Amino acid sequence: MAFIQEPPRLGNQLDDDPMLGDYLERAVPAAVRDAIVPELRALGADAGGRLYAMQLADRDNEPVHTPWDPWGNRIDHIEVSPLWKEAAKLAAERGLVAAAYEPTHGVHARIHQFALVHVVGPSLDVYSCPLAMTDGAARSLIAAGNQALMDRCLPHLTSRDPATAWTSGQWMTERTGGSDVATSETVARKDADGTWRLYGTKWFTSATTAEMTLTLARPEGNPAGSKGLALFFVQVRDDAGRIRPGITVNRLKDKLGTRKVPTAELTLDGCVAEPVIGETDGVRNITPMLSITRTWNAVSAVSGMRRALALARDYAGRRSAFGALLTHKPLHVDTLATLEAEYAGAFLLAFRAVELLGRREHGVATDADERLARALTPIAKLTTGKQAVAIASEAIECCGGAGYVEDTGLPRLLADAQVLPIWEGTTNVLSLDTLRALAKGGALEAVADEVRARLADARDPGLAGPARTASDALTAAGAWAQTAMTDPVRMEAGARRFAMTLGRTLELAYLVSHAQWCLDHGKGPRSAAAARRFAAAGVDHIAELSYEDARLLS
Ligand code: UCC
């Protein structure tokens with residue numbers, strides 16, 4: 001009989017991931033852990049079983065936009081995939097947003113929420129996108145202190161009832177682009193009766209099935225630039241789910257990945273809007289949204305890596321070549337080990353950002369926590385986004401040609417990962433945001449203190465080497481920042497290498513500290529091995545590269 005290769009399978013997505021289990025044991029008190037682990041385990045079974053099967057079966061279903069009904073009415077109906085409908089229900093019931101806003105687990109609420117997201121997110125075909133924006137909108141309304149909008153929206157945004165749950169959009173990107181948002185062209189006009197209406201084009205609105213959105217527009221007469229923009233709330237759909245007057249869906253985007261996400265181009269022609277907070281400073285007022293979605297991005301990057309690795313590892317146990325299973329081939333073992341180390345470092349960085357978010361939201365953050373969080377959010381987003389693409393690429397390569405064939409489902413890992421360094425701020429924009437954060441003062445010291453404190457945990461001789469690598473990289477980054485500070489061109493040109501060095505240094509410091517905890521708590525030497533391997537993969541990206549050379553090459 002001809003040879004037929006078995007496909008990779010997934011097990012329970014909690015139990016198969018020692019990183020998550022060990023982290024929860026270290027980071028949350030036993031009472032919280034006892035409460036959340038059964039829930040995570042049930043979700044882990046669903047994620048690796050029923051939902052993964054549905055995801056494979058649902059592969060060809062993509063959102064469909066129907067602009068008109070048969071009688072000529074403009075309806076702009078968007079039909080999402082069956083898995084997205086299931087995801088909407090599951091997300092509400094399991095509290096993928098709500099868990100962060102409920103008092104049950106206090107300062108650990110964010111860890112609880114993002115552990116849920118980590119376990120199930122990769123089985124939901126990027127439904128994490130509307131959830132991230134929903135979470136960001138809830139947090140932005142709270143930060144703005146707009147009581148009327150909070151009363152109206154929060155019960156829906158944080159609902160556990162699928163019948164009342166809303167999602168939110170985040171309409172920032174225009175034809176002028178998604179990075180330099182200050183150049184947005186949408187205008188806000190006030191009617192004689194005081195009603196605000198928006199006029200313009202939104203060029204990239206993700207998950208346009210949302211019931212509401214936060215968006216930016218320039219009140220007529222306001223100056224150019226980001227200060228002249230204001231943050232607006234728009235109720236996108238009526239109670240029957242119909243799109244409201246003044247909003248037209250021009251078309252859905254034809255994207256490389258995230259193909260289940262209905263991303264649209266919109267024309268706004270007089271849609272009703274409400275200012276969320278004042279009539280200026282829109283960019284500053286939407287930054288709470290950006291901090292939340294960037295944290296979601298980091299966690300989604302990490303969970304995407306974990307999914308890619310789970311499939312590649314399982315495949316290695318089912319695939320024989322040159323006389324042995326891949327799990328027994330030294331070069332394959334070595335390849336997977338490098339990927340595991342990257343995943344472990346990325347996991348710890350992303351969840352540190354999650355911890356800090358929780359501390360800030362529960363009023364227990366110190367000044368140092370605040371400064372650290374401001375820098376850590378862009379650093380975590382940019383570092384993990386790049387790692388996610390690299391790991392997805394390697395993981396599909398681990399499956400050979402099967403990894404390149406669409407109906408195995410494997411190529412989607414890479415196509416979906418590729419959005420992570422792009423949306424919510426590209427790697428370069430976030431490198432510049434890292435400089436912006438550090439310019440506020442005290443943030444670089446907060447990062448340095450964090451690294452030193454984690455490295456001080458290392459007592460095992462096997463961790464001395466990785467600790468030295470992290471410490472040296474920190475010194476190099478600090479020295480570079482000191483001298484580059486006086487030369488804006490040099491500083492900007494080197495910003496990505498600098499931010500990436502901080503990201504990898506933090507990851508290694510967290511790995512060292514976590515590894516020591518694992519050794520101390522009978523969890524074995526796996527994390528120490530990850531720290532050593534991560535250190536060998538390169539941490540210090542600082543390099544004095546000539547800008548003149550860069551210009552010659554551009
Ligand atoms: O929309 C997109 C797709 C949606 C899908 C989302 C799904 C997510 C799912 C994830 C999970 C899977 S993609 C497009 C997204 N676009 C962005 O993220 C924007 C990228 N660009 C930037 O981040 C830029 O750095 C800008 C827009 C923030 C730069 O704006 P400005 O106005 O030129 O810069 P300024 O003047 O420096 O900043 C204005 C104010 C300042 O405060 P004040 O007014 O007090 O001086 C800054 O300190 O905003 C403050 N600010 C911040 N505050 C700027 N950035 C931040 C920040 N990150 N945190 C706190």
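**Exercise 1. Determine which residues Ile 277 touches and describe its setting.**

Solution. Ile 277 touches Ala 144, Leu 231 and Asn 285, with residues up to four places away in sequence not counted; contact means heavy atoms within 4.5 Å. The model is a predicted one, in which local features need pLDDT of at least 70, side-chain atom pairs count only at pLDDT 80 or more, and totals for chains, interfaces and linings use all residues. Residues are numbered from 1 along each chain as its sequence is written, and side-chain values use heavy atoms, with hydrogens and water left out.

Next, locate the residue. Ile 277 is placed in the loop between strand S9 (264–275) and helix H8; helices (H or I, at least four residues) and strands (E, at least two) are DSSP runs, numbered from the N terminus. Then classify its exposure. Ile 277 has a relative accessibility of 30% and therefore counts as partly exposed, given that buried means under 20% relative accessible area, exposed over 50%, and partly exposed in between (1.4 Å probe, protein chains only). Finally, the C-alpha atoms of Ile 277 and Gly 145 are separated by 7.9 Å, although these residues are 132 apart along the chain.

**Exercise 2. Establish where Asp 281 and Val 126 lie, and state the sign of phi for each.**

Solution. Asp 281 also sits in the loop between S9 and H8. Its phi is positive, about 55 degrees, although Asp 281 is not a glycine. With a relative accessible area of 15%, Asp 281 is buried.

Val 126 belongs to the loop between H5 and H6. Here phi is near 65 degrees, a positive value in a residue other than glycine. Val 126 is buried at a relative accessible area of 13%.

**Exercise 3. Identify the buried residues of helix H3 and explain why they lie on the same side.**

Solution. Helix H3 spans residues 50–57, and its buried residues are Leu 51, Tyr 52 and Gln 55. These residues cover an arc of only 100 degrees around the axis, so they are on the same side of H3; the arc is that of the directions from the helix axis to the C-beta atoms. As the last step, list the cover: it includes helix H2 (30–48), helix H4 (82–94), helix H5 (109–120) and helix H8 (282–316).

**Exercise 4. Characterise the second largest pocket and the place of Thr 167.**

Solution. The second largest pocket holds about 890 Å³ of space. On a 1 Å grid over the protein atoms alone, a pocket is an open set with protein on both sides within 12 Å along at least five of seven lines, whereas a cavity is a set of points where a 1.4 Å probe fits but cannot get out; lining residues have an atom within 4 Å of a point. Grid points are joined across faces, edges and corners, and a volume is the space filled by probe spheres set on the points.

Of the 41 lining residues, the closest to the centre of this pocket are Ala 88, Ala 165, Thr 167, Thr 209 and Glu 211. Strand S2 (74–79), H4, helix H6 (128–144) and helix H7 (147–157) each supply at least two lining residues. By class, the lining divides into 20 nonpolar, 11 polar and 10 charged residues; Ala, Val, Leu, Ile, Met, Phe, Trp, Tyr, Cys and Pro count as nonpolar, Asp, Glu, Lys and Arg as charged, and the others, Gly among them, as polar.

Thr 167 itself is in the loop between H7 and strand S3 (168–171) and is buried, with a relative accessible area of 11%. Leaving aside neighbours within four places in sequence, its contacts include Tyr 127, Pro 130, Ala 210 and Glu 211.

**Exercise 5. Describe the largest cavity and its lining.**

Solution. The count gives 1 cavity of 30 Å³ or more, and the largest cavity has a volume of about 40 Å³. Tyr 23, Arg 26, Leu 348, Arg 352, Glu 355, Arg 454 and Tyr 510 line it. Helix H1 (18–27) and helix H9 (330–361) each supply at least two of these residues, with H9 giving the most, 3 residues. The lining has 3 nonpolar, no polar and 4 charged residues.

**Exercise 6. Assess the chain as a whole.**

Solution. The chain has 18 helices and 11 strands. Its radius of gyration is 24 Å, close to the 24 Å that the globule rule gives for 554 residues, so the chain is as compact as a globular protein of that length; the radius is taken over C-alpha atoms, and the rule is 2.2 Å times the number of residues to the power 0.38. Of the 554 residues, 53% count as buried.
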